[in-house]
Amino acid sequence: MTYSIYHFFADLCEKKEEFLWENKLEDFPFDKQILSCVGDGKFPDLAIRLNDGDEQFTGGELIELKDSKRGYSVASFNSTIPTGEKDIRKLTEGKTNTIRTQMQEAGNNILSLPVRQVFYLVRGRRQSDVKACLVHGKFFETIPVSTLISESFGQALEERLNQLEESLSPALKQKLLDIFSEQETFSKTRDIDEASVKLRFRIMTGVKAEANILNPNQYPQIGDNTLNFAVPCHDGTEQNQQQNKMRYAFEEMRYADLFSQVEVFSLQHHFNGKFLIFQTNLS
């Protein structure tokens, strides 16, 4: 059996009516055979098994679940800034790491694919209507995370300096921004002598309207009561490759009849080029 995000989407299509119910996404009946781990509250919520030696489907994709009952909004990202890929070594380090343990028990050689593609399964509700999207992290990561952090910190620094009517030399300012360009710099828990509490700064990331794939004003092509798959796609060759991968995954999962119900089209992101959309109705 081959495992990949495409096979995962095929399984979602077979169970698509489940998205209409009000159960939490964590309770969705995912095909556990496709997964190498299920998270315990930390990123990722799900991970696809690896396919050693398969050139078409590497597998190993990481999935975060984002469920919102407050209209067509994408739930906030707590602590983890959305990205298109992640270094699996950073997610599996430590003596007691449940993600690493589950992946190893699934028979995966974890470091055989050190950089993993990241997807977000987002669902939103507006009254009786539902939208669900399995979307590549590049839909949300339109500039490098380090740039996002350093420039956000730079805005705060400028505001404070203006209030104090002070300034820094360009070299010193840049040095400070470089220091605070990595989330790990300030996201660690700090233990201060004689303090009765420990302190950890936490990043909360909210999606702008222009990158909210559920927003009907920004992306009207993502219709009510649909399930969608969104992946970066820059030209016709890449589009054909993506369509062939998806078709093969449906056939391998024995859901070829469901693929005939899937509409394929291109979507222009407001910041990040074109994405290929695979869309099917939920009922």
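1. The largest pocket is a good place to begin: about 1900 Å³ of space lies in it. A pocket here is an open set of points on a 1 Å grid over the protein atoms alone, where a 1.4 Å probe fits, with protein on both sides within 12 Å along at least five of seven lines, and lining residues have an atom within 4 Å of a point. Grid points are joined across faces, edges and corners, and the volume is the space filled by probe spheres set on the points.

2. Some housekeeping before going on. This is a predicted model, in which local features need pLDDT of at least 70 and side-chain atom pairs count only at pLDDT 80 or more, while totals for chains, interfaces and linings use all residues. Residues are numbered from 1 along each chain as its sequence is written, and side-chain values use heavy atoms, with hydrogens and water left out.

3. Back to the largest pocket, which is lined by 49 residues; Phe43, Ser79, Thr80, Lys86 and Leu91 are the closest to its centre. Among the elements that each supply at least two lining residues are strand E3 (62-67), strand E5 (85-87), helix H2 (88-91), strand E6 (115-126) and helix H4 (145-164). E3 gives the largest share, 4 residues. Helices (H or I, at least four residues) and strands (E, at least two) are DSSP runs, numbered from the N terminus. By class, this lining holds 14 nonpolar, 14 polar and 21 charged residues. For that count, Ala, Val, Leu, Ile, Met, Phe, Trp, Tyr, Cys and Pro are nonpolar, Asp, Glu, Lys and Arg are charged, and the others, Gly among them, are polar.

4. Leu91 deserves a look of its own. Leu91 lies in helix H2 and counts as buried at 18% relative accessibility; buried means under 20% relative accessible area, exposed over 50%, and partly exposed in between (1.4 Å probe, protein chains only). Leaving aside neighbours within four places in sequence, Leu91 is in contact (heavy atoms within 4.5 Å) with Phe43, Pro44, Leu62, Lys86, Asn97 and Ile99. Its C-alpha atom is separated by 34 Å from that of Glu158, 67 residues apart along the chain.

5. Two of those contacts, Phe43 and Pro44, are joined by a cis peptide bond, with omega near 0°. Pro44 sits in the loop between strand E1 (35-38) and strand E2 (46-48). You may like to inspect this spot in the viewer.

6. The second largest pocket has a volume of about 650 Å³. Its lining has 23 residues, and Ile81, Ile143, Leu148, Ser152 and Thr205 lie nearest its centre. H4 gives the most, with 6 residues, and strand E8 (204-205) also supplies at least two. This lining divides into 17 nonpolar, 4 polar and 2 charged residues.

7. Now the interior. The largest nonpolar core has 39 residues, and those with the most contacts inside it are Phe8, Phe9, Leu12, Leu134, Phe229 and Phe250. Helix H1 (residues 5-14) contributes the largest share, 7 residues. Such a core is a set of buried Ala, Val, Leu, Ile, Met, Phe, Trp, Tyr and Cys residues joined through side-chain atoms within 4.5 Å. Beyond its neighbours within four places in sequence, Phe229 is in contact with Ile5, Tyr6, Phe9, Phe119, Leu134, Met246, Leu276, Ile277 and Phe278. Apart from this core lies another, of 28 residues, among them Ile88, Met103, Ile222 and Ala230.

8. On cysteines, the structure holds 0 disulfides (a disulfide being a pair of cysteine sulfur atoms within 2.5 Å). For Cys13, the nearest cysteine sulfur, that of Cys133, is 12 Å away. Cys13 is buried, with a relative accessible area of 3%, and Cys37 is buried at 1%.

9. Two residues other than glycine have positive phi and may merit a glance. Glu194, with phi near 70°, is in the loop between H6 and E8 and counts as exposed at 87% relative accessibility. Asn225, with phi near 55°, is in the loop between E8 and strand E9 (226-232) and is partly exposed, with a relative accessible area of 22%.

10. Finally, Arg49 is placed in the loop between E2 and E3. Not counting residues up to four places away in sequence, Arg49 touches several residues, including Tyr3, Lys32, Gln33, Thr58, Ala106 and Asn108. The C-alpha atoms of Arg49 and Asn225 are separated by 29 Å, with their positions 176 residues apart along the chain.
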